[in-house]
Amino acid sequence: MTDYVIAIDQGTTSTRAIVFDHSGSIVSQGQLEHDQIFPKAGWVEHDPKQIWDNTREVIGQALSKANITRHNVKAVGITNQRETAVVWDKNTGEPVYNAIVWQDTRTQDIVDRLAADGGVERFKDIVGLPLATYFSGTKIVWILENVEGAREKAEAGDLLFGTTDSWVLWNLTGGVDGGVHATDVTNASRTMFMDLETLEWRDDILEAFGVPKSMLPEIRSSSEVYGTVHTSSLLREVPVASILGDQQAATFGQAAFDAGEAKNTYGTGNFLIFNTGTEIVKSKNGLLTTLGYKIGDEAPHYALEGSIAVTGSLIQWLRDNLGIISSAPEVEDLAKTVDDNGGAYFVPAFSGLFAPYWRSDARGALVGLTRYVNKGHIARAALEATAFQTKEVLDAVNADSGVDLTELKVDGGMIANNTLMQFQADILNVPVIRPVVAETTALGAAYAAGLAVGYWANLDELRANWQEDSRWTPDLDSAERDRLYRNWKKAVTKTLDWVDADVN
């Protein structure tokens, strides 16, 4: 009987279950999108119950397409959108509010309140993160302060918090019937509550935020058996054996296990992770210090991360809000109708600017417009925005690490866009490399789960699975590269200081 590992990839726009074989190849998958809820400008929510319902359904789809049962599955791994916060009643299993998504900016007042004593870097030496709406800590505070009865229930010990990995794990292992309330170090490192050195929740920071410790999940490693799937599931009694936040999972799936290795994921946003090994490197250039992974009882691996809020979601915006394309892949065809951006630059600061700026007061801008500019130029400017933002982050990584990256491994949905990948290589002036298995986020979760149960023996076995699919090499005159980047940096300045007391 052939054995497999299943990864549950609970992402920003959809939930997937993917079956992997021992070579790291995809056998089958199921996928369902969930609703994107926008109650107000800057607010982004998901329905946690819809996410859990979709999780159950995609597991069934993946098993059915592979024509296998739970008896063929050695382990389940979970990867997830990292900072999206769910708070639920442990006695009923009911969320007290929708999940507040990582892109949501409603908590800026809470950020400002906490930053009044010590600035936005008040806790950064301990947790590796600046105070920002991005992270889940302030989202919990908002729920406690704005949902009727939530504070009282939390103080009574009746509410649980988790990022979506914890929500899926708790439900998968039984929910109100003995569900496991845990997370891994990578997700815990995105709350603002975990000490990077001790890998434990910090009581003093929780007190400053006003969050009861009883709400928080137990922090575990990224690769160990947390529990088994509940008897009500198609995967009953299968071990749940990994959790990795999506960007760390993609790094793991790219086999970037060692210090100095890096990857860039092109998804809803872009996330470049640079492995610093067992050393905690504190950024001086606007990057985050985060957990890379922790395998069982082994020492944790740390990373520098450059988080970009809007890349793939800008293409969705062109489709859904402007209607200049009817499907995301069409953006490449539209961009190819012109030779260049026509002087137009699109800075998609829809949720402010993340790395390396961390400017919540920024808002999106399309600049350099003339009568010459058409929708082809706008499509090209939207693609180029992803590459320019990546260059800003990579420059910061090079400055912090003191070692220039010589190539960039890439993954995520947008890497199917050859025009973007070529421009990325051109603007970075380093080769860009796409692996054979582009679904590296799910693959990383599968790898970590398989390691925990002995399906794969060690990291060397996983390294041997990685294969190059495509490579783009730079082909742009250095003077033109410098000119384009200089104009981009000028465009960024036009987005700053936009938000004040009467502008959302």
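The lining of the second largest pocket divides into seven nonpolar, eight polar and four charged residues, and I would like to start from that pocket today, with the reminder that what we are looking at is a predicted model. The volume of this second largest pocket comes to about 400 Å³, and of the 19 residues that line it, those closest to its centre are Trp52, Arg56, Asn171, Leu172 and Ser232. Two elements give two or more residues to this lining, namely α1, which covers residues 48-66, and α6, which covers residues 164-172; of the elements involved, α1 gives the most, with five residues.

Let me turn from the open pocket to the enclosed spaces. The structure holds three cavities of 30 Å³ or more, and I will take the largest and the second largest in turn.

The largest cavity has a volume of about 80 Å³, and it is lined by 15 residues, of which Ile308, Leu353, Phe354, Ala355 and Gln389 are the closest to its centre. Here the elements that supply two or more lining residues are α12 and α16, the latter running over residues 478-493. Sorted by class, the lining of this largest cavity contains twelve nonpolar residues, two polar ones and one charged one.

Since α12 has just come up, I will stay with that helix for a moment and pick out one residue in it. Thr386 is found in α12, which spans residues 375-401, and Thr386 counts as buried because its relative accessibility is 1%, where the cut-off for buried is under 20%. Once neighbours within four places in sequence are left aside, the residues in contact with Thr386 are Tyr266, Asn270, Thr311, Met414, Leu420 and Gln424.

The second largest cavity has a volume of about 50 Å³, and its lining is made up of Gln248, Thr251, Phe252, Ala256, Ile273, Asn275, Gly292, Tyr293 and Ala303. Three elements each supply at least two of these residues, and they are α9 (246-253), β14 (270-277) and β15 (288-293); α9 gives the most, with three residues. What is the make-up of this lining by class? The second largest cavity is lined by five nonpolar and four polar residues, with no charged residues.

The last region I want to show is the packing of α2 against α4. Helix α2, residues 108-115, packs with α4 at an angle of about 110°, and the axes of the two helices are 9 Å apart. Because angles of 65 to 115 degrees count as roughly perpendicular, α2 and α4 are described as roughly perpendicular to each other. On the α2 side the contact is made by Ile110, Val111, Arg113 and Leu114, while α4 brings Thr138, Val141, Trp142 and Glu145. Taken by class, the residues of this contact are five nonpolar, one polar and two charged.

Beside this helix pair, in sequence terms, we have Thr133, which sits in the loop between α3 (124-127) and α4 (136-146). Is Thr133 buried or exposed? Thr133 counts as buried, because its relative accessibility is 6%. With neighbours within four places in sequence set aside, Thr133 is in contact with Trp102, Asp104, Thr105, Thr107, Gln108, Val111, Thr138 and Lys139. Two of the names in that list, Val111 and Thr138, also appear among the residues that make the contact of α2 with α4, and that is the point at which I will leave the picture.

Note on methods:
Residues numbered from 1 in each chain as written. Predicted model: local features only at pLDDT ≥ 70, side-chain atom pairs only at ≥ 80, totals over all residues. Heavy atoms only, no water. Helix = DSSP H or I, 4+ residues; strand = E, 2+ residues; numbered from the N terminus. Buried < 20%, exposed > 50% of the residue type's maximum accessible area, 1.4 Å probe, protein only. Contact = heavy atoms within 4.5 Å. Axes fitted to C-alpha atoms, helices over the stretch in contact; angles between N-to-C directions. Parallel < 35°, antiparallel > 145°, perpendicular 65-115°, else oblique. Nonpolar A, V, L, I, M, F, W, Y, C, P; charged D, E, K, R; others polar. 1 Å grid on protein atoms, 1.4 Å probe; cavity = no way out; pocket = protein on both sides within 12 Å on 5 of 7 lines; lining within 4 Å. Points joined across faces, edges and corners; volume = space filled by probe spheres on them.
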